[in-house]
Amino acid sequence: MLGTPIHPNTQNITHRRNTLFCSPLKPREQELLISLYSQINGMHPTNNKVVRLDSINPITVSTVGFFDFLTTNLAVFPSNLPRAHTWRQSGSPHRWSEAYALLRTVRSAVGPLQVNSIQEVLQNASLANITAVSVMIIDSENRVGIVERPSGLAVASGQYAATATGTVLPEDLRRKNPFSAAACRELKEEVNLDCKLIDDGLVMPRQKMQPIWLFHGHLEERWEDVKDRMLAARDHEREVSRVVPITLTDPEQVARAVSDSRMSDTAAYHLWLLAAQANGEDAMAKAWGQTRWHPRFLKRRQLT
């Protein structure tokens, strides 16, 4: 992560009519990358309008397309993209060679990625920087619901993630706080839950340099008691393979969970924050010190 969570003032938000984002790619070039990326991952993304975070002091937002994010923020980080031999198997030599030339174009436009603050990333006009929300829900037995996401999704496909995740949409901008509104909407759409949410701040994982607002809430029931209710969620089948309860007050179980290679950086970081609040920094440091990820793990997960 880039630093610790920050808490921008959400009372006054400016919505720009014209975005500051300027795509390094032409529409046909963007379509080529999306086509190959979709073929490789078995997904069928749609280019919905989503909210870009232009600045945080004060908060300024604009609207871009989801494909802008897939072909910029994700494209400039090699770990998020298939390896060369996978591209070669997915089309003609001309297509994959052209695709890699386009990736180099994007990376050249973005420039050096050794950044030190969230604002520095937001000021980069070649990155779409769409805003996401990530929600952790804790049940009556103090267990966090970690979701295993299905394969074939555009983002975090097959990974372990927060209870509910998603992007801020233009419709959320009609609400007083569009970020908490988006969090509540995603929670309802993916797992059919209604909870009072606590704002844990804005972070940006180095994994994809995307601004993500963290929230958490509490259930008065156990995960087992709300299983049928969650199955009735509109997007449950598409977004959720299963929910894995992780006991927040068990440092060793939390350490094993976050060190799993399939856990997203944001989910691991947020789970660590909640566990540190519940158990104390010393208890968590001791538990993580017994894993092969420490201290390299903590350095990778935190925005420092």
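Helix α10 is mostly covered in this predicted model, with 12 of its 15 residues buried. The buried residues are D265, T266, A267, A268, Y269, H270, L271, W272, L273, L274, A275 and A276. The helix spans residues 265–279, and the distance from its first C-alpha to its last is 21 Å, close to the 21 Å expected at 1.5 Å a residue. After α10 comes G280, a residue with a positive phi near 95°.

The neighbour of interest for α10 is helix α9, residues 251–258. Two packed helices are described by the angle between their axes and the distance between the axes. For α9 and α10, the angle is about 170° and the axes lie 10 Å apart. Angles over 145 degrees count as roughly antiparallel, and α9 and α10 are therefore roughly antiparallel to each other. On the α9 side, the contact is made by P251, V254, A257 and V258; on the α10 side, A268, L271, A275 and N279 take part. An α-helix has 3.6 residues a turn, so residues three or four places apart point the same way. Of the α10 residues in this contact, A268, L271 and A275 also appear among the buried residues of the helix.

These two helices belong to a chain with 12 helices and 10 strands. Of its 304 residues, 55% count as buried. Among the contacts with a separation of 6 or more, 73% join residues 24 or more positions apart.

The strands offer a second route through the structure. An open sheet of three strands follows the order β1-β3-β2, and its pairing is mixed. Its edge strands, each paired on one side only, are β1 (13–15) and β2 (49–56). From one strand to the next, the twist averages 35°. Strand β3, residues 59–65, runs antiparallel to β2, and seven bridges join the two. Within this pairing, K49 stands opposite G65 in β3.

Another antiparallel pairing links β4 to β7 through four bridges. Here A132 stands opposite T167 in β7. Strand β7, which covers residues 164–167, has both faces covered. A164 and G166 lie on one side, T165 and T167 lie on the other, and all four are buried.

Several loop residues show how segments of the chain come together. N124 is located in the loop between α5 (118–122) and β4 (132–138). Residues under 20% relative accessible area are classed as buried, so N124, at 17% relative accessibility, counts as buried. Setting aside residues up to four places away in sequence, N124 touches R52, V110 and N129.

Further along, N142 occupies the loop between β4 and β5. Its relative accessibility is 26%, and N142 therefore counts as partly exposed. Apart from neighbours within four places in sequence, N142 is in contact with I246, T247, L248 and T249. N142 and R222 are 80 residues apart along the chain, yet their C-alpha atoms are separated by 8.8 Å.

The loop between β5 (143–148) and β6 (160–161) contains L153. With 10% relative accessibility, L153 counts as buried. Outside its neighbours within four places in sequence, L153 is in contact with M43, R238 and E239. L153 and P45 are 108 residues apart in sequence, while their C-alpha atoms are 7.9 Å apart in space.

The cysteines complete the account. How many disulfides does the structure hold? It holds zero. A disulfide is a covalent bond between the sulfur atoms of two cysteines. The cut-off applied here places the two sulfur atoms within 2.5 Å. For C195, the closest cysteine sulfur is that of C184, at 8.7 Å, which is too far for a bond. Is C195 buried or exposed? At 14% relative accessibility, C195 counts as buried. C22, in turn, has 51% relative accessibility and therefore counts as exposed.

Notes:
Residues are numbered from 1 along each chain as its sequence is written. This is a predicted model: local features need pLDDT of at least 70, side-chain atom pairs count only at pLDDT 80 or more; totals for chains, interfaces and linings use all residues. Side-chain values use heavy atoms; hydrogens and water are left out. Two strands pair if DSSP finds at least two bridges between them. Axes are lines fitted to C-alpha atoms, for helices over the stretch in contact, and angles run from 0 to 180 degrees between N-to-C directions. The expected span of a helix is 1.5 Å times one less than its number of residues. Buried means under 20% relative accessible area, exposed over 50%, partly exposed in between (1.4 Å probe, protein chains only). Angles under 35 degrees count as roughly parallel, over 145 as roughly antiparallel, 65 to 115 as roughly perpendicular and the rest as oblique. Contact means heavy atoms within 4.5 Å.
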